[in-house]
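Me: Please take a close look at a single part of this structure, the second largest pocket, and then go on to the aromatic rings. Which element gives the largest share of the lining of that pocket?

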Amino acid sequence: VRETFKPVKERKGITFHTQINRNSKSTWNLIANYRKVRILNDSVISAETPDQHVSARIENRSVLFDGIARTTTFYEVTTGLESKKDYAYLEVEKGQGNYVWIDRNENGIKEINEFEISPIASEGDHIRMFIPTDEYISVYANQFKQSVNVNFRKFSTSKKRGLRILAMFSDQLSFAVNRKVGNKKFSTYANPFLLNDNDSTLIATSQSIRNVFSFNKIHPKFGADFIYMRNIGKTLLTNGFEGRGQEQFELQLRWNMTRYITLLNNISTSEKSKTTEFFTANNYTISNQKADNVLRIQPASAYRFELKYTFDKKDNRRGSEMAIHHDGGLGFNYATAQKSTLELSAHYIDVKFRGEGNNSLTYELLNGLQKGANYTWEMQWNRQLAKNFQMSISYNGRAGEAIKTIHIGTMRVRAMF
């Protein structure tokens, strides 16, 4: 039995907090902390413990150019102790988890490299839990978040035609960085833009950027959004680094053809990667081209019908494996005010696959389905039983040429006091 130790700390310090309001259009918050820490049972700490800890935070909200642009900024640096992490998978009720177990070697043992993120939400039956170890390390971290919202809507009633055209456009940008390193040099750990994934002192890093450039965002007839998204994450675990990344370009089109008929079209191209130091067989880099088309018919506010078709092509950039999905579906939604909602859908998915092997790459290319014909169906019913009681019933099914039919049904009652 392993006995887990925790450091006993004696802390002394001061805190400084101030708020600056230059005017109603700009506010600043500044918080600074200084702590002196002494470890009373330092024999259980395997890493050198810093005696002094400094943390600082800056927050800002601003309205610029007479309301055209709005920005928020968050920046924080911290130092401290953190335990190294391991992880395990815990089985939960189907549909409540994010992962599925695939017994690749058919030995009946749940091995750590046999879990994959479930692309079918109703079949996710495991969650990933991070477990702290008894090995502590010094961590120096920074966190930076920036958002910019630009909207020219105020010019929509301008007498100048050029400004009225400009009023049709808007842009939303969000950027976030979170880095943890073992390097105690301030200029290194405090710089949120020093994005060196090969840093030998790196403990964890995550980076995300999302930009939405919109045309006619609130126009009742036609609108378009161009979206760029990039996410990168890398974490040091007890068995080495694990990293995931995704970059995507997407065009979303909306056309209200009549009062009752809407055409939605999403076209995207992306690249997705997974890298692990210990389980290298699970590494992949996949390029993806996808087109979603939805014809929505809504004769009344209470219900609507949907006709869907999706083309989805995935290629392995590190090999010759490839999958093409043709997904056709029907959907029906019904809702009554504050009483109940009903959602029904059925899909036929034809999968053409080139490749072999039972690994993470194959599972990702197939989206959790099988080669050939696949059939899926779903029902979701939510009902307000009383003022404080809600009932939810869901049923999902899946069938294919090479698998037995899968049925998953759940019922929940929620009481709110």
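Reply: Helix α3 gives the largest share of the lining of the second largest pocket, with three residues. The model is a predicted one. Two elements, β5 (99-101) and α3 (360-366), give two or more residues each to this lining. In total, 19 residues line the pocket. Those that lie nearest its centre are V100, W101, I102, Y363 and R398. The space in the second largest pocket comes to about 470 Å³.

Now to the aromatic rings. One aromatic cluster is formed by Y87, Y89, Y99, F115 and F130. A charge is also found at one ring of this cluster: R128 has its charged end over the ring of Y87, at 3.9 Å from the ring centre. A second case of this kind involves K145, whose charged end sits over the ring of F74, 6.0 Å from its centre.

Counted over the structure, there are 16 aromatic pairs. One of them joins F305 and F332. A pair of aromatic rings is described by two values, the distance of the centres and the angle of the planes. For F305 and F332 the centres are 5.1 Å apart and the planes make an angle of 45°. Planes under 30 degrees apart count as stacked and those over 60 as edge-to-face, so a pair at neither end is called tilted. The pair of F305 and F332 is therefore tilted. F305 belongs to strand β14 (residues 303-316) and F332 to strand β15 (residues 322-336), so the pair ties together parts that are 27 residues apart in sequence. F305 has a relative accessibility of 40%. Buried would need under 20% and exposed over 50%, so F305 counts as partly exposed.

Strand β14 also holds Y309. Y309 has a relative accessible area of 34%, so this residue is partly exposed as well. Leaving out residues up to four places away in sequence, Y309 touches A291, D292, N293, H326, D327 and G328. With one of these, H326, there is a polar contact between the two side chains, at 2.8 Å. Another residue to set beside Y309 is H347, which is 38 residues away in sequence. In space, Y309 and H347 are 9.2 Å apart, C-alpha to C-alpha.

Note on methods
Residues numbered from 1 in each chain as written. Predicted model: local features only at pLDDT ≥ 70, side-chain atom pairs only at ≥ 80, totals over all residues. Heavy atoms only, no water. Phe/Tyr/Trp six-rings, centres within 6.5 Å; stacked < 30°, edge-to-face > 60°. Helix = DSSP H or I, 4+ residues; strand = E, 2+ residues; numbered from the N terminus. Buried < 20%, exposed > 50% of the residue type's maximum accessible area, 1.4 Å probe, protein only. Lys NZ or Arg CZ within 6 Å of the ring centre and 35° of its normal. Contact = heavy atoms within 4.5 Å. Polar contact = N/O pair within 3.5 Å; in protein donor to acceptor, adjacent residues only side chain to side chain. 1 Å grid on protein atoms, 1.4 Å probe; cavity = no way out; pocket = protein on both sides within 12 Å on 5 of 7 lines; lining within 4 Å. Points joined across faces, edges and corners; volume = space filled by probe spheres on them.
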